[in-house]
Amino acid sequence: MTLMLDPFQDFNRVTQRVGTATRPAVVPMDAWREEDRYVVEFDVPGIKPESLDLDIDHDVLTLRAERTDDDSGKQWLTTERPHGVFSRQLMLGKNLDTTKIEATYTDGVLRLVIPLADQAKPHRVQVRAGKQAVNA
């Protein structure tokens with residue numbers, strides 16, 4: 001049995017998924033709100049945890065990662081899994097506490113938990129009874 005491949009069949013699809021330092025591949029993500037925090041999950045399968053880089057600068061969160069090619073003398077038949085540099089940026093609002101972001105990486109998913117800042121959380125204002133000062 002021989003593996004038969006059409007080398008041009010998926011050329012466009014594969015070349016769009018490969019990232020370089022000057023043109024990083026986009027990282028798929030999901031984001032949602034849970035009570036007083038936001039959760040963001042990025043799909044970055046096959047990335048070594050030490051390759052993940054998260055930076056926050058002026059309310060912009062940048063995720064960068066790299067999956068390197070293992071060219072150790074292989075004669076490739078096909079290579080469809082993206083390699084190279086991956087990047088994604090998120091604009092974070094002023095109402096988030098970026099100093100308390102929690103990041104975990106499990107089964108190829110990078111999960112960020114971003115809490116609301118204290119001033120953005122709903123709160124009650126206590127009303128006190130008493131006399132008001134009257135300007136005459």
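Begin by selecting Asp-59, which, leaving out residues up to four places away in sequence, touches Leu-90, Met-91, Leu-92 and Lys-94; contact here means heavy atoms within 4.5 Å. The model is predicted, so local features need pLDDT of at least 70 and side-chain atom pairs count only at pLDDT 80 or more, while totals for chains, interfaces and linings use all residues. Residues are numbered from 1 along each chain as its sequence is written, and side-chain values use heavy atoms, with hydrogens and water left out.

**Asp-59 and its loop**

Keep Asp-59 selected and display the loop between β4 (53-57) and β5 (60-67), where this residue is found. Strands (E, at least two residues) and helices (H or I, at least four) are DSSP runs numbered from the N terminus. Is Asp-59 buried or exposed? Asp-59 counts as buried because its relative accessible area is 19%; buried means under 20%, exposed over 50%, and partly exposed in between, with a 1.4 Å probe and protein chains only.

Next, add the side chain of Lys-94, which a polar contact of 2.7 Å joins to the side chain of Asp-59. A polar contact is a pair of N or O atoms within 3.5 Å; within protein, one must be able to donate a hydrogen and the other to accept it, and residues adjacent in sequence count only if both atoms are side-chain atoms. Then inspect the backbone: Asp-59 is not a glycine, yet has a positive phi of about 65°. Most residues other than glycine have a negative phi.

**Two further backbone stops**

Move to Glu-35, in the loop between β2 (29-34) and β3. Its phi is also positive, near 50°, in a residue other than glycine. Glu-35 is exposed because its relative accessible area is 74%.

Now select strands β7 (residues 102-106) and β8 (residues 109-115), which run antiparallel and are joined by five bridges; two strands pair if DSSP finds at least two bridges between them. Thr-106 stands opposite Val-109 in β8. The hairpin of β7 and β8 has two residues between the strands, and Asp-107 takes a positive phi near 50° there.

**Salt bridges**

A search of the whole structure finds four salt bridges; such a bridge is a side-chain nitrogen of Lys or Arg within 4 Å of a carboxyl oxygen of Asp or Glu. Side chains of opposite charge can pair when their charged atoms come close.

Among them, the following three may be displayed in turn:

- Glu-41 and Arg-111: the side chains meet at 2.8 Å, N to O. This pair links distant parts of the chain, with Glu-41 in strand β3 (residues 37-43), Arg-111 in strand β8, and their positions 70 residues apart. Glu-41 is partly exposed at 22% relative accessibility, and Arg-111 is partly exposed at 27%.
- Glu-34 and Arg-37: the closest N and O atoms are 2.6 Å apart. Glu-34 is partly exposed, at 25% relative accessible area, as is Arg-37, at 31%.
- Asp-97 and Lys-100: the side chains meet at 3.8 Å, N to O. Asp-97 is buried, with a relative accessible area of 17%.

**The nonpolar core**

Which residues touch the most other members of the largest nonpolar core? Select Phe-42, Leu-52, Leu-110 and Leu-112, which do so within a core of 17 residues. A nonpolar core is a set of buried Ala, Val, Leu, Ile, Met, Phe, Trp, Tyr and Cys residues joined through side-chain atoms within 4.5 Å. The elements that give two or more residues to this core are β3, β5, β6 (84-91) and β8.

Centre the view on Leu-110, whose contacts, apart from neighbours within four places in sequence, include Phe-42, Leu-52, Leu-63 and Tyr-105.

**Val-26**

Select Val-26, in strand β1 (residues 25-26). Val-26 counts as exposed because its relative accessibility is 62%. Outside residues up to four places away in sequence, Val-26 touches Ser-87 and Arg-88. Val-26 and Arg-88 are 62 residues apart in sequence but 6.1 Å apart in space, C-alpha to C-alpha.

**The whole chain**

Finally, display the complete chain, which has one helix and eight strands in the sequence pattern α-β-β-β-β-β-β-β-β. Buried residues make up 26% of its 136 residues. Of the contacts with a separation of 6 or more, 55% are between residues 24 or more positions apart. The chain exposes about 10,900 Å², of which carbon and sulfur atoms supply 50%; accessible areas come from the Shrake-Rupley method with a 1.4 Å probe, and for residues only the protein chains shown count as cover.
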